Each structure stands twice: as structure tokens, then as C-alpha cells.
Amino acid sequence: MESTIIGEFDTRRGAELAVEHVVQECGVPRGDVFVQPAGAANTVGTRAAGPDVKSAPTPEGRQKLEGLIEVSVDFHGDAPERIVDVLRSAGAKFVRTK
């Protein structure tokens, strides 16, 4: 069955981790996994994590924490629940199928 499974993450780190796990653990081709802001704002999530956190203050051009990050997976298999589980374990706040 073909479907698109979408997970929304509050950190860029969580979204990147989800992509790695979907590709490596579930065997989804990297070309079938997409990352983008969930809304119209250009954002790195709603909170800083991983490489987005710096020990020294950033001069002016601070990163925008204005919205969730969406990871969508074009899925062509029989067990979409496995993808859903992987997205949730990587930190997805919301998961839906389209």
C-alpha cells in the first residue's frame, strides 16, 4: 500500500535522527524521505538541541525557533506502523498518515 507518513519534530536533531533510522532500520530509500518546516516559517524547530546549542552567545543572526519540522516518508510497503514507531521513538510530537 502506498501512503505518506508525516512526523513533526520540535528539534532539527530529532528530525535528522528520524531520517537516519527510517533509512537504516526500515530500508526506505533516502529519496523517499523529505524534511521541511511544518509551516510557512523558516525554522530549526521550537527549541535548540544538539549542534544548534552553542556554549557562547551567538551575535545577532540567532537561529529561528518558530515552528515544528516535518519529516515525511513516502511509503510503499505493507507495515506503515513500523515507520510510525520509528518516528515516535526519534521524538516526533505528532504523526499522521496522508
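Visitor: Is Phe9 buried or exposed in this structure?
Guide: This is a predicted model, in which local features need pLDDT of at least 70 and side-chain atom pairs count only at pLDDT 80 or more, while totals for chains, interfaces and linings use all residues. Residues are numbered from 1 along each chain as its sequence is written, and side-chain values use heavy atoms, with hydrogens and water left out. Phe9 lies in strand S1, where helices (H or I, at least four residues) and strands (E, at least two) are DSSP runs numbered from the N terminus. Buried means under 20% relative accessible area, exposed over 50% and partly exposed in between, with a 1.4 Å probe and protein chains only, so at a relative accessible area of 1% Phe9 is buried.

Visitor: How far from the C-alpha atom of Phe9 is that of Val71?
Guide: Contact means heavy atoms within 4.5 Å, and, with neighbours within four places in sequence left aside, Phe9 is in contact with residues including Ala15, Leu68, Val71 and Leu87. Phe9 and Val71 are 62 residues apart along the chain, yet the separation of their C-alpha atoms is 7.8 Å.

Visitor: Which helix gives the most to the largest nonpolar core?
Guide: A nonpolar core is a set of buried Ala, Val, Leu, Ile, Met, Phe, Trp, Tyr and Cys residues joined through side-chain atoms within 4.5 Å. The largest one has 19 residues, and those with the most contacts inside it are Phe9, Val22, Val71, Ile83 and Leu87. At least two residues of this core come from each of strand S1 (3-9), helix H1 (12-26), strand S3 (69-75) and helix H2 (80-89). With five residues, the element that gives the most is H1.

Visitor: In what order do the four strands stand in the sheet?
Guide: From the N terminus on, the elements run β-α-β-β-α-β, and two strands pair if DSSP finds at least two bridges between them. S1 and S4 pair in the antiparallel sense over four bridges, and the bridge partner of Ile6 in S4 is Arg96. The four strands form an open, antiparallel sheet in the order S2-S3-S1-S4.

Visitor: What angle does the direction of H2 make with that of S1?
Guide: Axes are lines fitted to C-alpha atoms, for helices over the stretch in contact, and angles run from 0 to 180 degrees between N-to-C directions. H1 packs on the sheet, touching S1, S2 and S3, and its direction makes about 15° with that of S3. H2 also packs on the sheet, where it touches S1, S3 and S4, and the angle between its direction and that of S1 is about 10°.

Visitor: At what angle do the axes of H1 and H2 cross?
Guide: The contact between these helices is made by Ala18, His21, Val22, Glu25 and Cys26 of H1 together with Arg82, Ile83, Val86 and Leu87 of H2. The two axes come within 9 Å, and their crossing angle is roughly 145°.

Visitor: How far apart are the C-alpha atoms of Ile69 and Arg13?
Guide: Ile69 is found in strand S3 and, at 5% relative accessibility, counts as buried. Arg13 is 56 residues away from Ile69 along the chain, and their C-alpha atoms are separated by 10.0 Å.

Visitor: What share of the 98 residues is buried?
Guide: Among contacts with a separation of 6 or more, 79% are accounted for by residues 24 or more positions apart. Of the 98 residues in the protein, the buried share is 38%.
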